[in-house]
Amino acid sequence: MLPTCVAMVLFIAIPIVSIFVQSLFIEHQKPTIEIEICDPFGCKKEIGVDVEAYAAMNKEKPLGRFNGFKTYIDRNHLAFKELYEGWSNSKTFSEFSRTFFNLPFYKALIFTLTYTLFVTPFVICLGFIIALSINALSQKIKGPTIFVTILPMIVTPLMGSLVLFWMIDAEGIIGSTIQDLFNDPYLSLKASTKLTWITLITYGIWHHSPFAFIVFYAALQTVPQDPIEAAIIDGADRWQRIRHVVIPHLYPVAVFIALISMMDNIRVFEPILGFSAEASAQSFSWLIYNDLRNIEVMNFGSAASTSILTIIMVGILLTPVLIKTWREFGESR
Amino acid sequence: MNLENQDNKNMATLADKKSKKLLIINSIFIITWLVIAAFPFIWTFLGSFKVREDFFSRSDWWYVISGFNTIIETGGRYTLNAYKEAWIEGEFWYAARNTVIVTFFVVTISLFLGTLGGYALSRSPYRYAFWILITALVFRAMPHITLVSGYLFPFFQLNIWGILPTTIIVLVAINQPFTLWLLYSFF
């Protein structure tokens with residue numbers, strides 16, 4: 001137990017503290033210096049960045065200067081000022097919502113929430129139906145069917161989304177078929193925000209359903225046969241048996257799947273890269289990545305505050321499910 | 001008694017026998033799902049043996065199977081050019097080697113630590129075991145990338161970023177909560 005705890009404290013708890021500290025700081029203001037540039041026609045004074053002094057400052061205080069919670073409320077994060085101005089300047093609600101959707105943090109918030117709220121229930125339903133139908137198959141073909149079913153899950157998300165991305169390309173099979181169907185040679189799944197979101201959500205369902213399937217399928221094997229036989233004798237048809245015997249038995253499993261798949265969906269990231277959808281769909285994870293991807297100018301402060309806000313968001317979203325798990329778990333101990 | 005049991009079983013299987021309609025609906029559903037699940041991979045696999053113009057062909061999607069441009073460019077219906085490119089120019093072997101090393105060590109270390117931790121937690125009579133498990137669940141919920149900026153900065157300062165051992169240790173730590181939960185329920 002000790003090594004596990006040490007590993008978790010060292011690599012999860014301490015980094016959280018570290019990002020919190022980082023989020024309070026911001027990069028140094030670049031010191032300026034006046035440089036005289038002389039050419040044959042005379043000398044000009046120009047203001048440039050004092051590179052040496054900047055390097056020295058970074059060496060002395062690598063975290064940057066203290067900024068308090070200001071990073072949290074700047075335009076790229078909670079943007080209270082912009083929201084307030086938008087609210088007081090706009091006359092109609094739609095005008096305000098346009099301001100709202102132009103702020104990166106809220107844009108990401110809306111996308112992440114939509115993605116999670118659409119994908120999770122669909123994944124649970126689809127996974128359950130697939131598990132029921134495969135359970136009814138004959139023993140011989142079960143094995144290969146299960147293998148094909150879990151293919152979308154075992155392939156890494158980045159690869160899965162790339163494969164689909166090639167197919168929905170205007171010159172790929174799905175993309176060109178859709179163009180033919182709607183008779184519109186300029187229709188592209190990548191162009192409009194709505195279509196991109198639908199594509200990403202469809203991909204999410206496709207990718208996550210096998211996980212729900214596996215857990216449901218394993219749980220279906222533990223459904224006791226006695227109540228089912230009793231139900232048959234009582235004259236219950238197939239649907240009634242599923243509704244009144246199987247579903248109540250699988251309910252705790254469904255809660256578990258909901259918990260895990262919500263956790264996974266909130267961190268949606270790879271499909272956005274795979275589908276090159278960052279222009280119209282950004283998630284929290286993508287915001288953090290965007291702050292850090294340029295190795296020359298990493299915005300540690302900004303990335304760290306987004307991280308902290310994300311952790312808080314995840315906490316709020318998962319609280320109901322967590323409390324439920326807590327209660328059940330506490331009772332069983 | 002035995003006879004009665006047998007009778008019951010026969011009756012159960014008789015009533016459980018699927019109606020033909022249900023069987024057909026079920027088969028159609030399963031086949032549709034299998035096509036949705038496997039088609040992208042089959043398609044990409046077929047396309048990987050063709051030249052680019054066939055895989056992304058505006059004129060006719062059937063080119064991916066018939067290999068119209070592939071025949072013109074290489075003379076055969078199938079070509080291994082894409083694989084050659086990936087292995088030699090794309091340095092696929094290098095990435096593959098790293099992946100194998102990282103996977104092997106992460107799985108071994110995770111299982112070793114997780115088994116120890118899971119066993120201890122499930123047998124521990126103390127209350128704090130419960131708290132550790134709940135904390136692990138909360139840690140599981142956090143997007144991994146939120147920790148990245150927490151790692152990057154100290155790693156840059158210590159100058160240990162971008163090497164395999166660091167990757168392995170970090171991956172083990174990130175996977176620990178889930179491993180712990182799965183193994184906990186086994187004991």
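B:Gly162 sits in the loop that joins α9 (144-158) to α10 in chain B; helices here are DSSP runs of H or I with at least four residues, strands are E runs of at least two, and both are numbered from the N terminus. Because B:Gly162 has 9 C-beta neighbours inside 10 Å, the residue counts as exposed. The scale behind that word is simple: 20 or more other C-beta atoms within 10 Å of a residue's own make it buried, 12 or fewer make it exposed, and anything in between is partly exposed, with C-beta atoms placed from the backbone. B:Leu152 lies 10 residues away from B:Gly162 in sequence, and their C-alpha atoms are 9.8 Å apart.

Please keep in mind that this is a predicted model, in which local features need pLDDT of at least 70, side-chain atom pairs count only at pLDDT 80 or more, and totals for chains, interfaces and linings use all residues. Residues are numbered from 1 along each chain as its sequence is written, while chains are lettered from A and ligands numbered from 1 in the order in which they are written.

Let us move on to helix α10 of chain B. It covers residues 164-184, 21 residues in total, and spans 29 Å from its first C-alpha to its last, close to the expected 30 Å, a figure obtained as 1.5 Å times one less than the number of residues. α10(B) bends by about 45° at B:Gln176, with the proline B:Pro177 following within four residues; the bend is the angle between axes fitted to the seven residues ending at a position and the seven starting there. Both B:Gln176 and B:Pro177 are buried, as are other residues of α10(B), including B:Val170, B:Ile174, B:Leu180 and B:Leu183.

α10(B) also packs against α7 (residues 92-123) of chain B, their axes coming within 7 Å and crossing at roughly 40°. Axes are lines fitted to C-alpha atoms, for helices over the stretch in contact, and angles run from 0 to 180 degrees between N-to-C directions. The pair is therefore oblique, given that under 35 degrees counts as roughly parallel, over 145 as roughly antiparallel, 65 to 115 as roughly perpendicular and the rest as oblique. This crossing of α7(B) and α10(B) is right-handed, meaning that the near helix is turned clockwise from the far one by less than a right angle, whereas anticlockwise would be left-handed.

Between the chains, α5 (residues 104-135) of chain A and α2 (residues 20-47) of chain B pack at about 120° with axes 10 Å apart, and are therefore oblique to each other as well. Here the crossing is left-handed. A:Ile130, A:Ser133 and A:Ile134 of α5(A) meet B:Asn26, B:Phe29, B:Ile30 and B:Trp33 of α2(B), a contact being two C-beta atoms, placed from the backbone, within 7 Å.

Here are the buried shares of the two chains.

| Chain | Residues | Buried share |
|---|---|---|
| chain A | 333 residues | 32% buried |
| chain B | 187 residues | 27% buried |

Chain A holds 14 helices and 4 strands, while chain B has 10 helices and 0 strands. For contacts in chain A with a separation of 6 or more, 67% involve residues 24 or more positions apart.

Within chain A, helix α13 (residues 284-292) is mostly covered, with 7 of its 9 residues buried; among them are A:Phe284, A:Trp286, A:Tyr289 and A:Asp291. A:Pro224, in the loop between α9 (193-220) and α10 (225-233) of chain A, counts as exposed because it has 10 C-beta neighbours inside 10 Å.
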